[in-house]
Amino acid sequence: MAKLFRAAIMGPPGSGKGTISKRIAQSFGLQYLSSGHFLRDGIAAKTEAGLLVKSYVEKGMLVPDHVMTRLMLPKLEQLSSHSWLLDGFPRTLGQAQALNSLYQLDLVISLNIPYETLRERLSDRWIHPPSGRVYNMSFNPPRVQGKDDVTEEPLIQHDDDKPEALMARLRHYKDVAKPVIDLYKSQGILHSFSGTETDKIWPYINSLLSTKMHIQPSHNRQTQTP
Ligand SMILES: Nc1nc2c(ncn2[C@@H]2O[C@H](COP(=O)(O)OP(=O)(O)O)[C@@H](O)[C@H]2O)c(=O)[nH]1
Ligand SMILES: Nc1ncnc2c1ncn2[C@@H]1O[C@H](COP(=O)(O)OP(=O)(O)O)[C@@H](O)[C@H]1O
């Protein structure tokens, strides 16, 4: 069996983790696991886990580490024979240490995006909750305004993308991400990317993953220079 590849993507809310993860999953066949989607699915389905995390997510606060690890690590166990990409987990040093004790990551991508860009993007982010599909009215608008491309169901905006919750999330992100980034830097697996446009960052990530996974870069639509 080919060696399994395990990666994580980090960055503040709105930095493009979901958008880039989708491209990585499509181009490199990694299983994609987003902690945010997973928590929101649980909240929508009113599962026990969903009820437990609802108040934190709605306020833009981090779910406590022991809850997050208890929810995420069993999900990863189910994927133990797959290569995967984590988005949104680990987010704190405690989570990174818990993950480290079970799996050695091969690569961590960190996105550095200016605050003003994040604010603009999130004020314009629209979601189709059942599928997790994400739109932006200028970057990737839906075909019909306010409706999901596949199901034509209505799109919504997250309460935690609103400016009050956003500031709290960004502040939290900065404080908690630094030790995690330092940990992965010390392990020699951290790769940082800066910019204001996903389409300009993507070719670098595509080429890094092609090298690390020892495969030819795919020449699909997304790898072309915009
Ligand atoms: N204008 C613009 N919007 C982008 C770009 N990249 C992503 N977006 C949009 O910005 C929002 C945040 O991106 P997302 O991938 O959800 O970020 P995440 O919170 O880090 O997962 C979404 O509405 C995306 O469609 C870009 O380069 N330009
Ligand atoms: N690893 C995590 N640890 C603690 N809370 C988390 C984690 N991942 C997600 N959450 C919770 O879910 C919310 C939404 O997460 P997510 O969708 O990843 O946001 P974004 O992609 O916009 O940064 C967070 O604001 C937080 O309340």
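**View 1. Helices H4 and H5 packing against each other.** Here H4 (residues 65–78) and H5 (residues 93–100) have axes that come within 9 Å and cross at roughly 35 degrees. Axes are lines fitted to C-alpha atoms, for helices over the stretch in contact, and angles run from 0 to 180 degrees between N-to-C directions. Helices (H or I, at least four residues) and strands (E, at least two) are DSSP runs, numbered from the N terminus. The H4–H5 crossing is right-handed; that is, the near helix is turned clockwise from the far one by less than a right angle, whereas anticlockwise would make it left-handed. On the H4 side you'll find Asp65, Met68, Thr69 and Leu73, which meet Gly94, Gln95 and Ala98 of H5. Contact here takes C-beta atoms, placed from the backbone, within 7 Å. Sorted by class, that contact has three nonpolar, three polar and one charged residues. (Ala, Val, Leu, Ile, Met, Phe, Trp, Tyr, Cys and Pro count as nonpolar, Asp, Glu, Lys and Arg as charged, and the others, Gly among them, as polar.)

A note for every view: this is a predicted model, where local features need pLDDT of at least 70 and side-chain atom pairs count only at pLDDT 80 or more, while totals for chains, interfaces and linings use all residues. Residues are numbered from 1 along each chain as its sequence is written, and chains are lettered from A and ligands numbered from 1 in the order in which they are written.

**View 2. Helices H1 and H8, with isoleucine 24 in H1.** H1 (residues 17–28) packs on H8 (residues 198–212) at an angle of about 40 degrees, and their axes are 11 Å apart. That makes the pair oblique, because angles under 35 degrees count as roughly parallel, over 145 as roughly antiparallel, 65 to 115 as roughly perpendicular and the rest as oblique. Thr19, Ile20, Arg23, Ile24, Ser27 and Phe28 from H1 meet Thr198, Trp202, Ile205, Asn206 and Leu209 from H8. This contact divides into six nonpolar, four polar and one charged. Isoleucine 24 has 21 other C-beta atoms within 10 Å, so it is buried (20 or more is buried, 12 or fewer exposed, in between partly exposed, with C-beta atoms placed from the backbone). Its C-alpha sits 8.5 Å from that of isoleucine 205, 181 residues along the chain.

**View 3. The shell around ligand 1.** Ligand 1 is surrounded by 19 residues, the closest being Lys17, Gly18, Thr19, Asn136 and Phe139. A residue makes the list if its C-beta atom, placed from the backbone, lies within 6 Å. H1, strand E6 (133–136) and H8 each chip in at least two residues. The class count is four nonpolar, 10 polar and five charged.

**View 4. The shell around ligand 2.** This ligand has 18 residues around it, and the closest are Pro13, Ser35, Gly36, Gly88 and Arg91. H2 (35–44) and H3 (48–59) each bring at least two, and H2 gives the most, with three. By class the shell has nine nonpolar, five polar and four charged residues.

**View 5. Some backbone oddities.** Most residues other than glycine have a negative phi, and most peptide bonds are trans. Phenylalanine 89 and proline 90, though, are joined by a cis peptide bond, with omega about 0 degrees. Proline 90 lies in the loop between strand E3 (84–87) and H5. Lysine 46 has a positive phi, near 55 degrees, and lies in the loop between H2 and H3. With 10 C-beta neighbours inside 10 Å, lysine 46 counts as exposed.

Definitions and conventions: Two residues are in contact if their C-beta atoms, placed from the backbone, lie within 7 Å.
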